[in-house]
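Look at the structure below with its sequence beside it. The report after it deals with buried cores, a surface patch and a few single residues.

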Amino acid sequence: MKLSHIEHIGIAVKSLDTAIPYFEKVLGLKCYAVEEVKDQKVKTAFFKIGETKIELLESTDPEGAVGKFIENRGEGVHHIAFAVEDGVQNSLNELETKGIRLIDKAPRNGAEGLKIAFLHPKSTFGVLTELCEDPSKSK
Ligand code: CMX
């Protein structure tokens, strides 16, 4: 498995409308996309900083992952996402042989057309970890 960079950091917020002005007017970043990911029960907003993005996550369903996270832990860093160079499925296969607990055994569709999969925080030192692959850049 080869990680190339931190693709994004996911931050759970109660409201995109309330959080976006902080990232734009205080931090000076530009929100370049807002997208609902129905499968994940979230609405997302993206900012770019270097090669890395900040992904704000607003829950669209209290029973979804972000809805439960906010209910239990409040707003804050929700996950870290690594870009993988050799494919999400290959990486999952390798991680499974190393005893890492997988949330997804196969990649699914994430925001921005990426293939994504999550590793369970109980086996990654409390950090919900996402692997991402951009199919448009796959060799
Ligand atoms: N980071 C770290 N720990 C987390 C966590 C997170 N984001 N979310 C939950 N946990 C911990 C909880 O604190 C809890 O720990 P304790 O047992 O020590 O109290 C444990 O995981 C179980 O928490 P839970 O609220 O009962 O949640 P579930 O087990 O139902 O689900 C998880 C947890 C990680 C398996 C689930 O959130 C998941 O499948 N996440 C992957 C998908 C996802 O997060 N999608 C939203 C983002 C989508 C996007 O980026 O597009």
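A nonpolar patch is made of residues with over 30% relative accessible area and no salt bridge, whose nonpolar side chains are joined within 5 Å. The model shown here is predicted. In this model, Tyr22, Val26 and Leu27 make a nonpolar surface patch of about 300 Å². Val26 is part of helix α1. Because exposed means over 50% relative accessible area, Val26, at 59%, counts as exposed.

Helix α1 also takes part in the interior. Which elements give two or more residues to the largest nonpolar core? The core itself has twelve residues, among them Ile11, Leu16, Ala19, Phe23, Ala45 and Leu56. Two or more residues each come from β1 (3-13), α1 (16-26), β3 (42-49) and β4 (52-59). The largest share, four residues, is given by α1. A second, separate core has nine residues, including Val37, Phe46, Val66 and Ile70.

Two members of the largest core can be followed further. Leu16 is in contact with Pro21, Val34, Lys43, Thr44, Ala45, Leu56, Leu57 and Glu58, leaving aside its neighbours within four places in sequence. Ala19 is found in helix α1. Is Ala19 buried or exposed? Its relative accessible area is 13%, and buried means under 20%, so Ala19 is buried. Residues up to four places away in sequence not counted, Ala19 touches Val13 and Leu56. Between Ala19 and Ala45 there are 9.6 Å in space, C-alpha to C-alpha, and the two are 26 residues apart in sequence.

Glu130 is a charged residue in strand β8 (residues 129-133). Glu130 is buried but has no salt bridge. Arg108, the nearest side chain of opposite charge, is 8.5 Å away. Not counting residues up to four places away in sequence, Glu130 touches His8, His79, Ile80, Ala81, Phe82, Ile116, Ala117 and Phe118.

Two residues other than glycine have a positive phi. The table sets out their values and places.

| Residue | Phi | Loop | Relative accessibility |
|---|---|---|---|
| Glu112 | near 60° | between β6 (108-109) and β7 (115-119) | 29% |
| Phe125 | near 55° | between β7 and β8 | 83% |

At 29%, Glu112 counts as partly exposed, whereas Phe125, at 83%, counts as exposed.

How values were computed. Residues are numbered from 1 along each chain as its sequence is written. This is a predicted model: local features need pLDDT of at least 70, side-chain atom pairs count only at pLDDT 80 or more; totals for chains, interfaces and linings use all residues. Side-chain values use heavy atoms; hydrogens and water are left out. A nonpolar core is a set of buried Ala, Val, Leu, Ile, Met, Phe, Trp, Tyr and Cys residues joined through side-chain atoms within 4.5 Å. Buried means under 20% relative accessible area, exposed over 50%, partly exposed in between (1.4 Å probe, protein chains only). Contact means heavy atoms within 4.5 Å. Patches are made of residues with over 30% relative accessible area and no salt bridge: like charges are joined within 9 Å, nonpolar side chains (Val, Leu, Ile, Met, Phe, Trp, Tyr) within 5 Å. Accessible areas come from the Shrake-Rupley method with a 1.4 Å probe; for residues, only the protein chains shown count as cover. A salt bridge is a side-chain nitrogen of Lys or Arg within 4 Å of a carboxyl oxygen of Asp or Glu.
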